[in-house]
Amino acid sequence: MAHRMTVPGLFPPPDYAHTAIVETDRRLAFLAGAVPLDEDGKLVGPGDFVAQTEQVLVNLETALAAIGCGLTHVVSTAVYVTTPDPADLSRVWEVVRAGGLTLGPHTSTLLGVSCLGYTGQLVEITAVAEVP
């Protein structure tokens, strides 16, 4: 079982943990970045941070389910957003919070980046999960 902790003496984070420790007898899954493409490879929500984040979470949940996990098994994420605007980062994080990824809570990094892999892509989330 992952032990998640908010560290005393550090600024309290908004719905994520500072650390996550997994004992060595556990299996970890390292997931490739979940992207806002549908089953046919079509970009969902062009120009829409919220719609793309929702699709990314659907795709992340699908990948997790394939290995017997759910969002509560995620111990770490990196959330990439193609924007220099902190307001866009906040919009994405609100969808992440509402989507259940913060139930752990897990450790997370939220980043504004200049470009992602698919034309029109605004959001991508990589994850590490503890496999039950």
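1. In this predicted model, the charged side chains divide into 6 positive and 14 negative ones, and the centres of these two sets are 5 Å apart. The accessible surface comes to about 7,100 Å², and carbon and sulfur atoms hold 58% of that area.

2. As to the overall fold, the protein has two helices and six strands, and a reader who follows the sequence will meet them in the pattern β-β-β-α-β-α-β-β. The radius of gyration is 15 Å, which is close to the 14 Å that the globule rule gives for 132 residues, so the protein is as compact as a globular protein of that length. Taken along the principal axes, the box filled by the C-alpha atoms is roughly 40 × 35 × 20 Å.

3. On packing, 41% of the 132 residues count as buried. Among the contacts with a separation of 6 or more, 72% are made by residues 24 or more positions apart.

4. Glu-130 deserves a reader's attention, since this residue is found in strand β6, which spans residues 123-131, and has a relative accessibility of 8%; Glu-130 is therefore counted as buried, the cut-off being under 20%. Setting aside residues up to four places away in sequence, Glu-130 touches Met-1, Ala-2, Val-22, Arg-26, Arg-27, Leu-28, Cys-69, His-73 and Val-75. One of these partners, Cys-69, is also buried, with a relative accessibility of 9%.

5. On the cysteines, the count of disulfides comes to zero. In general, a disulfide is a covalent bond between the sulfur atoms of two cysteines. For the surroundings of individual cysteines, Cys-69 is buried at 9% relative accessibility, whereas Cys-115 is exposed, its relative accessible area being 59%.

6. Arg-97 is placed in helix α2, which covers residues 86-98, and this arginine counts as partly exposed at 34% relative accessibility. When neighbours within four places in sequence are left aside, Arg-97 is in contact with Asp-15 and Thr-102. Its C-alpha atom is separated by 16 Å from that of Asn-59, a residue 38 positions away along the chain.

7. Ile-67 belongs to the loop that runs between α1 (49-66) and β4 (74-81), and is partly exposed, with a relative accessible area of 35%. Beyond residues up to four places away in sequence, Ile-67 touches Ala-29, Leu-31 and Val-131. From Phe-11, by contrast, Ile-67 is 34 Å away in space, C-alpha to C-alpha, and 56 residues away in sequence.

8. Thr-19 lies in strand β2, made up of residues 19-21, and with a relative accessible area of 27% this threonine is partly exposed. Not counting residues up to four places away in sequence, Thr-19 touches His-3, Arg-4, Met-5, Val-7 and Thr-107. For His-3, which is 16 residues from Thr-19 along the chain, the separation of the two C-alpha atoms is 8.1 Å.

9. A reader checking these points against the structure might begin with the residues discussed above. Glu-130 in strand β6 is counted as buried, while Arg-97 in helix α2, Ile-67 in the loop between α1 and β4 and Thr-19 in strand β2 are each described as partly exposed.

Definitions and conventions. Residues are numbered from 1 along each chain as its sequence is written. This is a predicted model: local features need pLDDT of at least 70, side-chain atom pairs count only at pLDDT 80 or more; totals for chains, interfaces and linings use all residues. Side-chain values use heavy atoms; hydrogens and water are left out. Helices (H or I, at least four residues) and strands (E, at least two) are DSSP runs, numbered from the N terminus. The radius of gyration is taken over C-alpha atoms; the globule rule is 2.2 Å times the number of residues to the power 0.38. Buried means under 20% relative accessible area, exposed over 50%, partly exposed in between (1.4 Å probe, protein chains only). Contact means heavy atoms within 4.5 Å. Accessible areas come from the Shrake-Rupley method with a 1.4 Å probe; for residues, only the protein chains shown count as cover. Lys and Arg count as positive and Asp and Glu as negative; His and the chain ends are not counted. The place of a charge is taken as NZ of Lys, CZ of Arg, CG of Asp or CD of Glu. A disulfide is a pair of cysteine sulfur atoms within 2.5 Å.
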